[in-house]
Amino acid sequence: MFAAILALLAIPVGAVAAEVEKPPPSPGIQGGGGGNRIAEPGMIAPDFSVLDVGGHPFRLSEEVSRKPVLLLFWSVFCDPCRAEMANLQKAQDRYAGRDLIVVAVAVDGEPLRSIIGGFARQEGYTFKVLVDELDATGRWKVADAYGVAATPTLLLLGKGGTVLLRKGGKIREDELEKAVSSLLKK
């Protein structure tokens, strides 16, 4: 039985390993003046459209036109990401139905969609969990557009899409709360 489980897990892990072996594309947003840039405070966040774990489409521009968005890039294989996901759920619980949309983008790719979805259900996440995917050139549709080189990476986008906060690594719960509550008071 244990061997059968390992055999099933070897397929997705192999798919991820194959993706990791590719030379990493240069991170960032294609700038109008040439070169790549990272989505940072003061910039307009790049629009994207990907599917959530249930296969439903999500388009950032539709959501950010209505409300601010708290956006986390994460991986199911990242221990610090799990703490960030718990912080995201607390923000979702506190601001649900009010003025904030909470979204997590898994950078593990399409081959792991069911594992990502199962993990999200197991943990009881009630916010949108999206799955990044590779485009025709082998670049991540969302993570590369945002210049995400490591997980977790958290962004707070104001209504209209302006990047207000970008934080790589662990963010303290009180720091996140301060940023969100400050934004929602405006």
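This passage describes the overall make-up of the chain and then the surroundings of strand β5 in a predicted model.

The chain contains five helices and nine strands, and these elements follow one another along the sequence in the pattern α-β-β-β-β-α-β-α-β-α-β-β-β-α. Of the 186 residues of the chain, 44% count as buried, while the chain exposes about 9,600 Å², of which carbon and sulfur atoms supply 58%. When contacts between residues at least 6 apart in sequence are considered, 67% of them join residues that are at least 24 apart.

Strand β5, which spans residues 69-74, is mostly covered, in that six of its six residues are buried. The cover extends to both faces of the strand, with Val69, Leu71 and Phe73 buried on one side, and Leu70, Leu72 and Trp74 buried on the other.

Two pairings of β5 with other strands may be described in turn. Strand β6, made up of residues 101-106, runs parallel to β5 and is joined to it by six bridges; within this pairing, Trp74 of β5 stands opposite Ala106 in β6. Together with helix α3, which covers residues 79-95, β5 and β6 make a β-α-β unit that is right-handed. Strand β8, made up of residues 153-157, pairs with β5 over five bridges in the antiparallel sense, and here Leu72 of β5 stands opposite Leu154 in β8. Strand β5 is thus paired in parallel with β6 and in the antiparallel sense with β8, and both of the β5 residues named in these pairings, Trp74 and Leu72, are buried.

How values were computed
Residues numbered from 1 in each chain as written. Predicted model: local features only at pLDDT ≥ 70, side-chain atom pairs only at ≥ 80, totals over all residues. Heavy atoms only, no water. Buried < 20%, exposed > 50% of the residue type's maximum accessible area, 1.4 Å probe, protein only. Helix = DSSP H or I, 4+ residues; strand = E, 2+ residues; numbered from the N terminus. Pairing = 2+ DSSP bridges. Right-handed = clockwise from strand over helix to strand, strands pointing away. Contact = heavy atoms within 4.5 Å. Areas by Shrake-Rupley, 256 points an atom, 1.4 Å probe, with all protein chains shown as cover.
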